[in-house]
Amino acid sequence: MNNVKDVDLAVRAPEAGDMEALADLMTQLGYETRMSEMQMRMETILANRNYATFVAVSQGKVCGMVGTLTCYTYEHNSPSARILALVVSDKMRGRGVGQALIEAAEKDLAQKNIRRVAVNTHVERTRAHEFYEKLGYAKNGFRFVKELPMPAD
């Protein structure tokens, strides 16, 4: 795992001026997103205290983001968390940005007394699987997805 020391990097909360960069990051992750869509999503997310979002900034530019959700589950007595999104700019991958973002998210979760965090990755993202395993995450199941039809008017 690469070290962040060779990169000028800061991790902070997202700001209003970050929406274009965040939309670009979502698009790089495979989810085509316009700036207006990202702004709408972030307004809703930032208003909900169960979410936490951090961005990585290098040389004044947003180069990565992580988002978590804290919630109660049916199978555990204490709240858990999920990493809903982690993306690093294609130009900054392999330079410790993702690790710095995960560390910031985990620190935030620990301060909230969260002791369990899960993350899903696409089955084809083998580099992501290796990344999470190196950070101590263990495979423990499968995820199945079904798109539901929109109700008729």
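A residue is called buried when its relative accessible area is under 20%, exposed when it is over 50%, and partly exposed in between, using a 1.4 Å probe and protein chains only. With that in hand, welcome to this protein. The model is predicted, so local features need pLDDT of at least 70, side-chain atom pairs count only at pLDDT 80 or more, and totals for chains, interfaces and linings use all residues. Residues are numbered from 1 along each chain as its sequence is written, and side-chain values use heavy atoms, with hydrogens and water left out.

## The overall picture

The protein has four helices and five strands, where helices (H or I, at least four residues) and strands (E, at least two) are DSSP runs numbered from the N terminus. Following the sequence, these elements come in the pattern β-α-α-β-β-β-α-β-α. The radius of gyration is 16 Å, close to the 15 Å that the globule rule gives for 153 residues, so the protein is as compact as a globular protein of that length. That radius is taken over C-alpha atoms, and the globule rule is 2.2 Å times the number of residues to the power 0.38. The C-alpha trace spans about 50 × 40 × 30 Å along its principal axes.

Of the 153 residues, 35% are buried. Contact here means heavy atoms within 4.5 Å. Among contacts between residues at least 6 apart in sequence, 59% join residues at least 24 apart.

## Residues to look up

Here are six residues to find in the structure.

| Residue | Place | Relative accessible area |
|---|---|---|
| S58 | strand β2 (residues 51-58) | 10%, buried |
| G64 | strand β3 (residues 61-71) | 0%, buried |
| H129 | helix α4 (residues 126-134) | 18%, buried |
| E32 | loop between α1 (19-28) and α2 (35-46) | 66%, exposed |
| Q59 | loop between β2 and β3 | 68%, exposed |
| N113 | loop between α3 (97-111) and β5 (117-119) | 55%, exposed |

## Buried residues and their partners

Let us begin with S58. Its side chain reaches the backbone oxygen of D8 at 2.8 Å. This is a polar contact, defined as a pair of N or O atoms within 3.5 Å; within protein, one must be able to donate a hydrogen and the other to accept it, and residues adjacent in sequence count only if both atoms are side-chain atoms. Not counting residues up to four places away in sequence, S58 touches V7, D8, L9, C63 and M92.

G64, with a relative accessible area of 0%, touches L25, F54, V55, A56, V87, V88 and L101 when residues up to four places away in sequence are not counted.

H129 also has a polar partner: its side chain makes a polar contact with the side chain of T121 (2.8 Å). Beyond its neighbours within four places in sequence, H129 is in contact with T121, H122 and V123.

## Exposed residues in loops

What does E32 contact, leaving aside its neighbours within four places in sequence? The partners are T27 and E37. Between E32 and G64 there are 16 Å in space, C-alpha to C-alpha, and the two are 32 residues apart in sequence.

Two other loop residues are worth a look for their backbone angles. Most residues other than glycine have a negative phi. Phi of Q59, however, is near 50°, a positive value in a residue other than glycine. N113 likewise has a positive phi, near 60°.
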